[in-house]
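Subject: Structure handover

Dear colleague,

Please find the structure below. My notes on it follow in the same message.

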Amino acid sequence: MSRLAPSARGSRLALLVVGLCWLAVLFDGLDMFIYGSVLPHLLETKTFGITADQAGDLGSYATFGMLVGALTAGTVADRIGRKRLMIGCVTLFSLASGICALSGSVAVFGLGRTLAGVGLGGLLPTAISMVSDYAPRGRGALVIGLLMTAHHAGGILSAYVAKWLVDPVGWRAAFWVCVVPLAFAPVLVKLLPESLSFLVAKGRTDEAHALAARYDVELPATDGKKSAADRWDALLALFRGREWIQTLLYWLASFGGLLLVYGVATWLPTLMRTEGYELASALTFVVVFNLGGIVGMLVAGRAADTFGAPRISAIWFALTAAGVYLLSVHLPTGVTTLVVFLTGVFLNSAQTMIYATVSIRSTPDNRATAVGWTSGMGRFGAVFGPWLGGQLLAAGHGDWGFTAFALAGLSSMVFIGIAALRTAGPGARARADQELVTAH
């Protein structure tokens, strides 16, 4: 059988793995966005006596947990396997939502959100690795882009869960819905194959060959595994000579980008309420925003292929900043809906283009390190964004929330723009695959 096209059996395996990972990431997005969707209700009913600044802290707890989960996912996956880690992450954030649903105080609720964040942060990079293993040849970027639509589909689902359940039943019901993915864990146990890369790396070649033969797929290359010393050397290479300037520019751009992504994701419904919109309309904006995110993920890569990832990232951040700022102006509902949609298109993919830029301009031997650390440093912005929104609301400056997030977008535009204008190193001249990696 020709290897120029994926076999029917290989395609079926790819469809199985991508389908299971898509559902897992859908639940990830639901759990991530549900807090922002119920937050206006929590504040209006003064649940647990919660204040705006405490609400911001709670939003940051989840993103801090995601930081921990994302940074430890690779190490844990190397030890126990990607399949087991995915199952563990789904189980963790589902049970953590149960803690939130049962909580009787801000402290317990915060514990639940932190634990959920660990599971959420560990799941996404692991799912991306899984689908990369099984994607048909030449379709890796497309498959990862498709996977990322699930996160925004989860955001849409969270808005409908809040609209349907919070007023008639109560906010706890929304978190009980987020426990439902626990029933998905046995499905993963039964149907999801282990990562071929993990099996090969662990020397379990008989299992890997059997799985590959069963579905007529190719085994991944066995070389390229870095030791701890190699990984540290790759990190130090990011600061040698004048490379430290470029590295810091990427990190600062990523910080502002994820501050913007998670700040808006957490506070969009609440800030729209402060602008005078009804709760139902504010939650509708969450749906529209995530629909824009799905469209953006599907078109950004095409635009970057044509015009270059750094240029698209800078332009996208400028358009995002303009859109976020316009949300602070009370416009007709139809115009606001359009602005929210376009902001979702540009915001979510602007950050992805930072990672694509870093990937393109890195040498093959340190590309994973460069992208990983850019993402890791950016996640500090993800922690800061929800906290910042809470502080502004607590100080009575909720109308400044969108302005502050718009300024974060402008800062990322400046930093990625300067980085793009600097002389490209040898890695930028080398041929590099444009890896679609998640900003979430």
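The notes below cover aromatic pairs, one helix, one contact and one surface patch.

Please keep in mind that this is a predicted model.

Aromatic pairs

The structure holds 14 aromatic pairs. One of them joins Phe 109 and Trp 171: the ring centres are 5.8 Å apart and the planes stand at 70 degrees, so the pair is edge-to-face, given that angles over 60 degrees count as such. The two residues belong to distant parts of the chain, with Phe 109 in helix H4 (residues 106-134), Trp 171 in helix H6 (residues 171-177), and their positions 62 residues apart. Phe 109 has a relative accessibility of 2% and counts as buried. Trp 171 is buried too, at 7%.

A second pair to look at is Tyr 277 with Phe 285. Here the centres are 5.2 Å apart and the planes are at 90 degrees, so this pair is also edge-to-face. Tyr 277, at 5% relative accessibility, is buried, and Phe 285, at 1%, is buried as well.

Phe 109 and Trp 171 also belong to one aromatic cluster, together with Tyr 35, Phe 48 and Phe 175.

Helix H16

Does the length of helix H16 agree or disagree with what its 21 residues should span? H16 covers residues 401-421, and at 1.5 Å a residue the expected span is 30 Å. The C-alpha atoms at its ends are 31 Å apart, so the two values agree. The buried residues of H16 are Gly 401, Phe 402, Thr 403, Phe 405, Ala 406, Ala 408, Gly 409, Ser 412, Ile 416, Gly 417 and Ala 419. When reading that list, recall that an α-helix has 3.6 residues a turn, so residues three or four places apart point the same way.

A contact along the chain

Gly 88 is in helix H3 (residues 82-102). Its C-alpha atom is 8.2 Å from that of Ala 185, although the two residues are 97 residues apart along the chain. Gly 88 is partly exposed, because its relative accessibility of 36% falls between the limits of 20% and 50%.

Surface patch

Phe 239, Trp 244, Leu 248 and Leu 252 make a nonpolar surface patch of about 340 Å². Of these residues, Leu 248 sits in helix H11 (residues 243-274). Leu 248 has a relative accessible area of 33%, so this residue counts as partly exposed.

Regards

Terms used: Residues are numbered from 1 along each chain as its sequence is written. This is a predicted model: local features need pLDDT of at least 70, side-chain atom pairs count only at pLDDT 80 or more; totals for chains, interfaces and linings use all residues. Side-chain values use heavy atoms; hydrogens and water are left out. Patches are made of residues with over 30% relative accessible area and no salt bridge: like charges are joined within 9 Å, nonpolar side chains (Val, Leu, Ile, Met, Phe, Trp, Tyr) within 5 Å. Accessible areas come from the Shrake-Rupley method with a 1.4 Å probe; for residues, only the protein chains shown count as cover. A salt bridge is a side-chain nitrogen of Lys or Arg within 4 Å of a carboxyl oxygen of Asp or Glu. Helices (H or I, at least four residues) and strands (E, at least two) are DSSP runs, numbered from the N terminus. Buried means under 20% relative accessible area, exposed over 50%, partly exposed in between (1.4 Å probe, protein chains only). The expected span of a helix is 1.5 Å times one less than its number of residues. Rings of Phe, Tyr and Trp (its six-membered ring) pair if their centres lie within 6.5 Å; planes under 30 degrees apart count as stacked, over 60 as edge-to-face and the rest as tilted.
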